[in-house]
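Me: I'm new to this structure, and I'd love a close look at a single part of it. Could you walk me through that part slowly and then show me how the surroundings fit together?

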Amino acid sequence: MNETWQQALTIIRREIQPVSFDKWFGPDCVSQVEKRGEFVYVCVPDRFVKHSYTAIYGELIQSTLSAILQQEVQLMVVDTSSEKIPDDEQLRAMPQPLSQ
């Protein structure tokens, strides 16, 4: 998944202002990226970064990852100061979206 995230960063870098990219997508902003099924978990250091990734860049990140992976994925931003990526058992217990 690290290679996929690096590809996404290359695309995102072209889409936003350099100062914004350096602030929000620098090496200290994301500690881990993991794909589980249709979900891609992006781990960030705190709720402030989580809010920015979700509210400002969420659509861009999600569409970029979906294009690279050639499948629709759901972006899940994890604030590692208070959250963790759910394990497989927790994932199975989560409600699933209805298929259309």
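Which helices and strands each supply at least two residues of the lining of the largest pocket?

Reply: Happy to take you through it, with one thing to keep in mind from the start: this is a predicted model. The elements you are asking about are the helices α1 (residues 2–15) and α2 (residues 18–25) and the strand β1 (residues 32–36), each of which supplies at least two residues of the lining. The largest share is that of α1, which brings six residues to the pocket wall.

The space inside the largest pocket comes to about 180 Å³. It is lined by 15 residues, and those closest to its centre are W5, Q6, L9, F25 and G26. If you would like to find the pocket in the view, those five names are a good place to begin. Sorted by class, the lining has eight nonpolar residues, six polar ones and one charged one.

To see where these elements sit, it helps to step back to the whole chain. There are five helices and three strands. Reading from the N terminus, the order is α-α-β-β-α-α-β-α, with two helices ahead of two strands, then two more helices, another strand and a closing helix. Of the 100 residues in the chain, 37% are buried. Among contacts with a separation of 6 or more, 67% join residues 24 or more positions apart.

Now follow β1 away from the pocket, as this strand also belongs to a sheet. The sheet is open, has three strands in the order β1-β2-β3, and shows mixed pairing. Its edge strands are β1 and β3 (residues 74–79), each of which pairs on one side only. On average, and ignoring direction, neighbouring strands of this sheet are turned by 20° against each other. As a general point, strands of a sheet pair through backbone hydrogen bonds, either parallel or antiparallel. Here, β1 and β2 (residues 39–44) pair in the antiparallel sense, over five bridges. Two partnerships let you trace this pairing by eye: V33 stands opposite V42 in β2, and Q32 has C43 of β2 as its bridge partner. Between β1 and β2 the hairpin has two residues, and within that hairpin G37 takes a positive phi near 65°.

Just past the turn you reach F39, a residue of strand β2. Is F39 buried or exposed? Its relative accessibility is 15%, and buried means under 20%, so F39 counts as buried. Setting aside neighbours within four places in sequence, F39 is in contact with E34, Q74 and M76. One of these partners, Q74, shows how the fold brings distant parts of the sequence together: F39 and Q74 are 35 residues apart in sequence, yet their C-alpha atoms are 4.7 Å apart in space.

Two helices meet the sheet as well. Helix α3 (residues 47–56) lies across β2 and β3 and runs at about 165° to β3. Helix α4 (residues 58–69) packs on the sheet and touches β1, β2 and β3, its direction making about 125° with that of β3. Within α3 you can look up S52, whose relative accessibility is 3%; buried means under 20%, so S52 counts as buried. Not counting residues up to four places away in sequence, S52 touches W24 and Y57. W24 falls within the residues of α2, one of the elements that line the pocket, so this contact leads you back to where we began.

Finally, have a look at the loop between α4 and β3, where Q70 is found. Q70 has a positive phi of about 55° although it is not a glycine. With a relative accessibility of 73%, Q70 counts as exposed, because exposed means over 50%. E72 lies in that loop between α4 and β3 too, and E72 also counts as exposed, at 64%. Apart from its neighbours within four places in sequence, E72 is in contact with E38 and S66. E72 and F39 are 33 residues apart in sequence and 9.0 Å apart in space, C-alpha to C-alpha.

So your route runs from the pocket lined in part by α1, α2 and β1, through the sheet order β1-β2-β3, to the loop between α4 and β3 that holds Q70.

Note on methods:
Residues numbered from 1 in each chain as written. Predicted model: local features only at pLDDT ≥ 70, side-chain atom pairs only at ≥ 80, totals over all residues. Heavy atoms only, no water. 1 Å grid on protein atoms, 1.4 Å probe; cavity = no way out; pocket = protein on both sides within 12 Å on 5 of 7 lines; lining within 4 Å. Points joined across faces, edges and corners; volume = space filled by probe spheres on them. Helix = DSSP H or I, 4+ residues; strand = E, 2+ residues; numbered from the N terminus. Nonpolar A, V, L, I, M, F, W, Y, C, P; charged D, E, K, R; others polar. Pairing = 2+ DSSP bridges. Axes fitted to C-alpha atoms, helices over the stretch in contact; angles between N-to-C directions. Contact = heavy atoms within 4.5 Å. Buried < 20%, exposed > 50% of the residue type's maximum accessible area, 1.4 Å probe, protein only.
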